[in-house]
Amino acid sequence: MQPEILAPVGSRASLEAAFAAGANALYFGLPQFGARAYANRFTLEETKEIIERAHLMNVKVYITMNTILFEDEIEEAYEQAKALYEMNVDALIIQDLGLLHLLHHRLPALELHASTQLSVSTPEQIEQLKKLGVSRVVLARECTIEQIKACVQTGIEIEVFIHGALCISYSGQCQFSALEYGRSGNRGQCAQPCRMSYTLLEDGKEKKNVPSFLISPKDLSLIHDLEALQKIGVASLKIEGRMKSPEYVYEVVKATKKALEHETITKEDDQKLEVTFNRTFTKGHAFHQTGKELMEMQASNHHGIKVGTVIAVKGKKITIRLIEDLHQNDGIRFEKENWSEGCHVNYIYNKQGKLVNSALKNQTITIDGPLHVKVGNHVKKTVDANLQDEVKSILKSYHRQIEIVGKVSCQGVGHPLVLELSDGKHTVRVQSQEMAQLAKSKASDPQTIEKQMRKTNTSWARFSRIEYDVADDVFFSLKAMNALRKEGLDALKEAHLRFTIEKERPYTYSFTIQDAPMIFAQIEEEHQKGKEDVVWIAEHVSGAKKLARITEDEGFVVRHLGKGPIIFNMNVSNSYAIAALIELGYEKIGVSDELSKEQLLEMIDGFRARYHQIPPIVPCLYQKRRLMLMKHCPINTLLSDGKRIGCRLCHEHNYLLKGKDRRTYSLLGDSACNMRIFSREVEDRFDWLPSLRKRGIDSYLCIFVDESKKTIDSILRRLSDEIGLE
């Protein structure tokens with residue numbers, strides 16, 4: 001069975017492009033609760049119309065509600081989800097565990113997909129999500145083909161990204177934008193700090209002759225490798241790009257469909273993919289590409305395709321030797337090392353100085369362009385005007401329909417004309433108001449009736465086959481035949497769109513909490529350990545309790561939905577999310593660092609009001625915030641082979657990233673050579689303690705990265721004194 005092609009929709013034009021190219025499913029967001037806050041989004045009313053239209057074409061619609069939700073948003077999000085359920089949405093794509101929990105208990109018939117923002121990569125994590133009603137998981141982009149296969153074997157539907165932009169951090173684990181720019185990636189507002197330029201400092205000195213875009217990955221493209229994903233049973237092939245152009249959506253969906261149907265992907269197909277958007281392509285983590293195979297460190301913008309080289313410049317007159325065709329209104333960019341500047345091609349002059357509207361490869365032409373262009377600059381096409389026009393023309397004329405079969409019958413004079421229609425799942429039967437008359441000249445034979453029945457050009461369906469059982473010498477007016485066709489299609493449409501809404505269930509979840517006060521100290525090195533009344537947790541420090549990495553399934557503290565009594569790093573931001581993790585068996589729960597003091601207190605109060613217990617949460621009071629967790633190491637990529645296998649460079653020297661704004665960030669690998677970026681600023685929330693203590697919270701976390709033992713002892717002594725532990 002072929003996997004579905006899941007297309008991104010960020011505008012009406014891209015919606016039409018997805019339909020025209022043959023997508024099996026669409027995903028998009030509404031104005032609230034979607035992780036692309038700046039994409040064009042549809043209203044509820046528009047969404048209802050899109051769902052009905054898509055369902056008539058047997059296309060599924062998934063709505064993204066994949067942001068984390070604060071306490072004052074969760075009920076509103078639930079009401080939106082309920083409204084979408086009542087419109088027969090095929091599924092919601094969700095990150096927030098609280099919303100999953102609430103929908104599972106109150107609307108169990110609503111299909112729930114776990115967003116890639118949950119960074120799922122193991123079967124154990126999937127088994128936990130099944131308990132919350134999840135029927136499909138969008139895997140982390142960091143998964144290898146072997147991990148994808150293992151996840152498929154859980155029996156749940158697996159969705160993977162196959163084309164488009166990559167996040168360099170595990171999705172859902174990035175707080176860079178939120179902390180540094182006040183725009184949360186978990187709230188759909190990412191400022192894309194990964195696409196900004198940085199310098200690398202080693203022991204305080206700037207490394208020379210290194211590229212600038214140290215944490216900007218290439219774009220993913222697995223279109224040439226879909227057979228491997230199809231073979232292991234991936235259910236859905238997801239295309240990134242809700243903020244991309246209609247021609248991007250059209251060309252990627254079309255190429256994906258060709259690949260699945262084992263048609264050859266031509267050089268022209270590849271060039272169309274590149275010109276619609278690319279940062280050069282990688283096969284990504286799925287096929288074990290690392291280092292320079294994964295990263296595009298020279299530039300983070302759209303590369304387009306190279307079309308020529310500048311061979312002469314005279315003021316604004318720029319002469320180019322072409323290696324690809326160029327057309328009037330194309331967008332181009334001139335590049336040289338770290339400099340680039342773009343323009344549109346308004347005028348093209350051939351070798352004789354005459355104006356032309358296009359030029360072929362291997363020709364030399366002159367255009368009017370920007371200043372500062374130099375001989376030797378590369379010329380790249382970033383907008384293909386002909387392709388834009390071609391796609392616009394296709395969208396204007398294309399009308400997607402599904403195939404239906406029909407049977408037309410009439411027993412004879414005095415009887416109605418009967419039309420029976422079927423779409424393969426539903427069958428309807430209608431009959432004409434007009435009764436058959438005896439034909440005076442030309443009878444309404446099958447050929448005459450078929451001509452009228454097949455006039456479905458503007459409808460949602462077309463006939464693949466029509467059978468006839470019509471008596472001889474009967475006559476029906478054209479008006480009667482046309483009315484019968486319309487009535488039949490309307491009846492089949494109604495049957496096709498009919499669905500059942502299950503009654504909303506009351507929320508009755510309850511539990512009993514057994515809790516004990518604890519102070520957790522998370523450390524990197526053994527020499528940081530100290531006080532005995534503290535629970536020391538670490539990934540690899542002897543004598544400390546095991547802190548599982550995000551891809552590990554067991555530990556005293558797990559960072560994902562694995563086996564262990566305590567869970568951190570799950571972006572818990574509302575009281576229902578706490579209940580979800582209690583439902584999954586966890587005894588103590590870390591909370592989102594993105595919560596303000598007021599939001600944290602509101603979450604606690606909401607939990608106490610609903611469940612009449614103190615939530616077993618573990619707020620973090622001291623840390624240098626982890627901004628990113630990457631399955632990539634810029635240090636190893638620049639200074640070694642990019643394979644990240646036991647090089648320990650990040651532990652032998654002090655490495656910092658420095659941005660254009662001169663702010664610096666610490667780089668430190670974990671025990672599996674995953675790179676973490678840390679803020680260098682301490683986040684001290686000890687002033688929150690009185691309010692938290694007043695509400696009965698008695699367990700806390702402090703995270704230490706590079707602090708000395710003396711500093712750690714001082715911080716922990718301060719905490720012990722504040723909460724009265726001896």
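Start by selecting Leu595 and, leaving aside its neighbours within four places in sequence, show what it touches: Phe70, Val572, Ser573, Leu600, Met603, Arg685 and Trp688 are in contact with Leu595. Keep in mind as you click around that this is a predicted model. Leu595 lies in the loop between β34 (588–590) and α15 (597–611). Although it is a loop residue, Leu595 counts as buried because its relative accessibility is 2%, and the cut-off for buried is under 20%. Now draw a distance from its C-alpha to that of Ser573: the two residues are 22 apart in sequence, and the C-alpha atoms are 6.6 Å apart in space.

Next, move to Asn571. This residue sits in another loop, the one between β33 (566–567) and α14 (575–583). Is Asn571 buried or exposed? With a relative accessible area of 11%, Asn571 is buried. Show its side chain and look towards Gly172, whose backbone oxygen the side chain reaches at 2.8 Å. Gly172 also appears among the contacts of Asn571 beyond four places in sequence, together with Ile68, Gln95, Asn186 and Ser592.

The strands flanking these loops make a good next selection. Colour β32, β33, β34 and β35 in that order and you have an open sheet of 4 strands with parallel pairing. At its edges are β32 (557–558) and β35 (617–618), each of which pairs on one side only. Zoom in on β32 and β33, which are joined in the parallel sense over 2 bridges. Here you can find Val558 standing opposite Ile567 of β33.

For another parallel pair, go towards the N terminus and select β1 (residues 4–8) with β2: 3 bridges link them. Ala7 stands opposite Leu26 of β2. Now hide β1 and keep β2 (residues 25–29) in view. How many of the residues of β2 are buried? The count is 5 of the 5, so the strand is largely enclosed by the rest of the structure. In a regular strand, side chains alternate between the two faces of the sheet. In β2, Ala25, Tyr27 and Gly29 lie on one side, Leu26 and Phe28 lie on the other, and both faces are covered.

Then select helix α11, residues 385–397. Put a distance between its end C-alpha atoms and you will get 19 Å; this agrees with the 18 Å that its 13 residues should span at 1.5 Å a residue. Highlight Ala385, Leu387, Val391 and Leu395, which are buried. Turn the view to look down the axis of α11: the buried residues fall within an arc of 160°, so they line one face of the helix. Bring up α1 (12–21), α9 (246–260), α10 (267–276) and β22 (378–383) to see what these buried residues pack against. Rotate to the face turned away from the buried side, where the exposed residues Lys396 and Ser397 are found. Before leaving, visit the start of α11: a side-chain oxygen of Asp384 comes to within 3.1 Å of the backbone nitrogen of Asn386.

Finish with the cysteines. The structure has 0 disulfides. Select Cys673 and find the closest cysteine sulfur, which belongs to Cys647: at 5.6 Å, the sulfur atoms are too far apart for a bond. Your last stop is Cys410, which counts as buried at 5% relative accessibility.

Terms used:
Residues numbered from 1 in each chain as written. Predicted model: local features only at pLDDT ≥ 70, side-chain atom pairs only at ≥ 80, totals over all residues. Heavy atoms only, no water. Expected span 1.5 Å × (residues − 1). Buried < 20%, exposed > 50% of the residue type's maximum accessible area, 1.4 Å probe, protein only. Arc of directions from axis to C-beta. Contact = heavy atoms within 4.5 Å. Polar contact = N/O pair within 3.5 Å; in protein donor to acceptor, adjacent residues only side chain to side chain. Disulfide = S-S within 2.5 Å. Pairing = 2+ DSSP bridges.
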